[in-house]
Amino acid sequence: MNRTTLERALSGLVVMACFLLLAWLNGRQVASGAAQVALYSLIGVALALSLLAALGGLVLAVDTPLRQASGYPGALDAVARGFLVILPFTVLALLAEFIFGWGATQAFTQAGIMTSGAAVGMELMSGGEPRVRYMVVPMLGAFAFSAAWIAFSALFQKVAG
């Protein structure tokens, strides 16, 4: 798990840029008006940051060797590397919205989150002795992340009217 600070920062920036784009695209579907879309985007990115941080905490709780070797920064690094998988889902959401005219961003967001959760599990399993919990816990965390994003979207749409 030796990675340079630049690689870690780049991974985090790519993941956050993807969530910013996905939040903006989702906001265009559930909100009306530029101010509501901007608000949705800001809250969506804040939600993504907090849920990624929580997922890092879950990873840290189940992976004793990671906890002993690199602590929370190592857990966040594993989460960021796993969530790089969201990049193609973001590109597909952009293509669907602007090239094909499909309103499928929410589906691409949820699929990206769940697939990224599996990728986090694979990151953990490749770093040492494979254990089932290294796959199950990130997937459960990703499921909770996905459910929270759906609930946020539904609530925002209801409040925004």
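This report describes the overall fold and a nonpolar surface patch of a predicted model.

Residues are numbered from 1 along each chain as its sequence is written, and side-chain values use heavy atoms, with hydrogens and water left out. In this predicted model, local features need pLDDT of at least 70 and side-chain atom pairs count only at pLDDT 80 or more, whereas totals for chains, interfaces and linings use all residues.

The protein chain contains 7 helices and 0 strands, where helices (H or I, at least four residues) and strands (E, at least two) are DSSP runs numbered from the N terminus. Its radius of gyration, taken over C-alpha atoms, is close to the value from the globule rule (2.2 Å times the number of residues to the power 0.38), so the chain is as compact as a globular protein of that length.

| Property of the protein chain | Value |
|---|---|
| Radius of gyration | 16 Å |
| Globule rule for 161 residues | 15 Å |
| C-alpha box along the principal axes | roughly 50 × 25 × 25 Å |
| Accessible surface (Shrake-Rupley, 1.4 Å probe) | about 8,000 Å² |

Carbon and sulfur atoms account for 73% of that surface. Of the 161 residues, 42% count as buried (under 20% relative accessible area).

Leu 21, Trp 24, Leu 87, Val 91, Leu 92, Leu 95, Phe 98, Ile 99, Phe 100 and Trp 102 form a nonpolar surface patch with about 940 Å² of accessible area together. Patch residues have over 30% relative accessible area and no salt bridge (a side-chain nitrogen of Lys or Arg within 4 Å of a carboxyl oxygen of Asp or Glu), and nonpolar side chains are joined within 5 Å. Helix H5 (86-98) gives the largest share, 5 residues, and helix H1 (5-30) also supplies at least two. Ile 99 lies in the loop between H5 and helix H6 (105-126); this residue counts as exposed (over 50%) because its relative accessibility is 59%.

Notes
Patches are made of residues with over 30% relative accessible area and no salt bridge: like charges are joined within 9 Å, nonpolar side chains (Val, Leu, Ile, Met, Phe, Trp, Tyr) within 5 Å. Buried means under 20% relative accessible area, exposed over 50%, partly exposed in between (1.4 Å probe, protein chains only).
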